[in-house]
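Q: I would like a close look at a single part of this model. Please start with one element and then work outward to its surroundings.

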Amino acid sequence: MNSPKNLNARERARLAAEQAAARKRDRRILIAVVAAFVLVVVVAGIGFQAWRAYRSPSAIPSSSVSAIPVTISNGQPIVLGTSRAPTTITLYEDFHCPHCADFEEQFGPIITQAQESGAAHLELYPMSFIDEGSAAAANAMACATEAGFGPAFYRGLFANHTLQWSDQQLIELAAKIGGSPSEAFQTCVTNKAHADWVSSVNAAAEKNGIVQTPTMLINGKSVDIANLTPDALMAMITNATQR
Amino acid sequence: MSQSVATEPRRAEAARWVSTGARLVLGGVLVVAGALKAIDPQSSVAAVDAYELLPAPVATVVGWGLPFAEIALGSLLLAGIATRVVAAATAVLLVIFIIAVASAAARGLSIDCGCFGGGGQVPPGETAYGTELVRDAGLLLLAAWLVWKPQSRFALDRSPQ
């Protein structure tokens, strides 16, 4: 018997099933839309970070720090400025360590000025524990020092510290600093000619008990960077020089 | 009988307010954590590397992309869009974080979780795995609550039925 009551019940069941199916479909569409949204944001983000890491380096203001070619020897720091300067500033830094870039932004000009005035020279240990870019930058820093534009290259590296430091970027940076880089410099960068020296600097830093970067010593005495102000640093260099 | 009729809507209303709080806290934490990492991609990659779980190229992609996944999920939670689905995805992400931190602790690495930027090696004895795991577990609880009770105030989600 197909009474209207029975028909109603069957009709209602059919409607309920249809609604359930619709809800299920809605849920599936919702999941797909959310997944697509997150994916688009993530892919765009990766693209943005890749662009930030691999774009061309920017130029830096030139300086008059004397830049004579310096030889690189294993386990020994790069010396910037005249070695006859009375005060020695020793720096342990990684070209990719964010705190080092902050340090450089705040105190770099003072250290550069001390080199220019002949008050101090810089002993640089470019460590490379953050990533491959750190090591590539440290190697290129050695190449630049040999080629005679170490101080400017040093500041260029920190001014562009968010870059990945591919070989091409390092060569481009050299070009922006001092005109077209020599064939020898380019080969030095691409062949990682100072790879052994880079490892030897890391080993030397470990031997000297360096646990964090940046670490700064003035005439061999460790400086508390966390509580340092530019004025205090200037006073320290002056005092060290007068003694 | 008349009592239960009165308490039911009140309970549902209270749950909606709890869900509102959970949504805003979880979403806010995700957006902040993602943004802090996104502004410093090098540290983010280094933080992923420090877990020693992924090969370098994969760690780079994760270090670049993960912060944006957090920002995307966090924004959806703050807006209250597809709350149940987004909360479930967030829960999965948090379980992965918990496994990663626990594995770092179990392997005796001394790293910072890099949850809110930073990360990487820390001196032995300065790890905070306990705090990090408790925090992640708390956030996981919020996510689970939202999967259970996605209805909340100030959300763009449609009201039920």
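How many of the ten residues of helix 4 (residues 150-159) of chain A are buried? And what surrounds this helix, in the sheet and beyond?

A: Eight of the ten are buried, so to speak of helix 4 of chain A as mostly covered is fair. Keep in mind that this is a predicted model.

Start with the residues themselves. The buried set begins with A:Gly150, A:Pro151 and A:Ala152. A:Phe153, A:Tyr154 and A:Arg155 follow. A:Gly156 and A:Leu157 complete the set.

Next, the neighbours. The buried residues of helix 4 pack against three helices of chain A: helix 2 (98-116), helix 3 (132-147) and helix 5 (167-178). They also pack against strand 1 of chain A.

Strand 1 leads into the sheet. Five strands of chain A form an open sheet with mixed pairing, in the order 1-3-2-4-5. Strand 1 (78-80) and strand 5 (221-223) stand at the edges. Each has a single partner strand, so one side of each is left without a neighbour in the sheet. On average, neighbouring strands are turned by 25° against each other, direction ignored.

Strand 1 of chain A is joined to strand 3 of chain A by three bridges, and the two run antiparallel. In this pairing A:Leu80 has A:Leu122 of strand 3 as its bridge partner. Strand 3 is itself mostly covered, with seven of its eight residues buried.

Strand 3 (residues 120-127) also pairs with strand 2 (residues 87-94) of chain A. That pairing is parallel and spans eight bridges. Within it, A:Leu91 has A:Leu124 of strand 3 as its bridge partner. A:Glu93 stands opposite A:Pro126, again in strand 3. Helix 7 (residues 195-207) of chain A packs on the sheet and touches both strand 2 and strand 3. The direction of helix 7 makes about 105° with that of strand 3.

Now return to helix 4 and follow one residue outward. A:Phe153 is buried in helix 4. A:Phe153 is also among the residues with the most contacts inside the largest nonpolar core, which has 91 residues. Others with the most contacts are A:Ala137, A:Met141 and A:Leu170 of chain A, plus B:Ala72 and B:Leu73 of chain B. Helix 3 of chain B gives the most to this core, with eleven residues. Domain 1 (1-54) and domain 2 (60-242) of chain A both give residues to the core, so it lies between them. The C-alpha centres of these two domains lie 57 Å apart.

B:Leu73 shows how the chains meet. Leaving out residues up to four places away in sequence, B:Leu73 touches A:Val38 of chain A. Within chain B, the residue touches B:Leu30, B:Val86, B:Ala89 and B:Thr90.

Last, the wider contact. Here 21 residues of chain B are in contact with 19 residues of chain A. On the chain B side, helix 2 (41-50), helix 3 (56-79) and helix 4 (83-106) each give two or more residues. Helix 3 of chain B gives the most, with ten residues. By class, this side of chain B has 17 nonpolar, three polar and one charged residues.

Note on methods:
Residues are numbered from 1 along each chain as its sequence is written. Chains are lettered from A and ligands numbered from 1 in the order in which they are written. This is a predicted model: local features need pLDDT of at least 70, side-chain atom pairs count only at pLDDT 80 or more; totals for chains, interfaces and linings use all residues. Two residues are in contact if their C-beta atoms, placed from the backbone, lie within 7 Å. Helices (H or I, at least four residues) and strands (E, at least two) are DSSP runs, numbered from the N terminus. Ala, Val, Leu, Ile, Met, Phe, Trp, Tyr, Cys and Pro count as nonpolar, Asp, Glu, Lys and Arg as charged, and the others, Gly among them, as polar. A nonpolar core is a set of buried Ala, Val, Leu, Ile, Met, Phe, Trp, Tyr and Cys residues joined through C-beta atoms within 7 Å. A residue is buried if 20 or more other C-beta atoms lie within 10 Å of its own, exposed if 12 or fewer, and partly exposed in between; C-beta atoms are placed from the backbone. Domain bounds come from an automatic or database domain assignment. Two strands pair if DSSP finds at least two bridges between them. Axes are lines fitted to C-alpha atoms, for helices over the stretch in contact, and angles run from 0 to 180 degrees between N-to-C directions.
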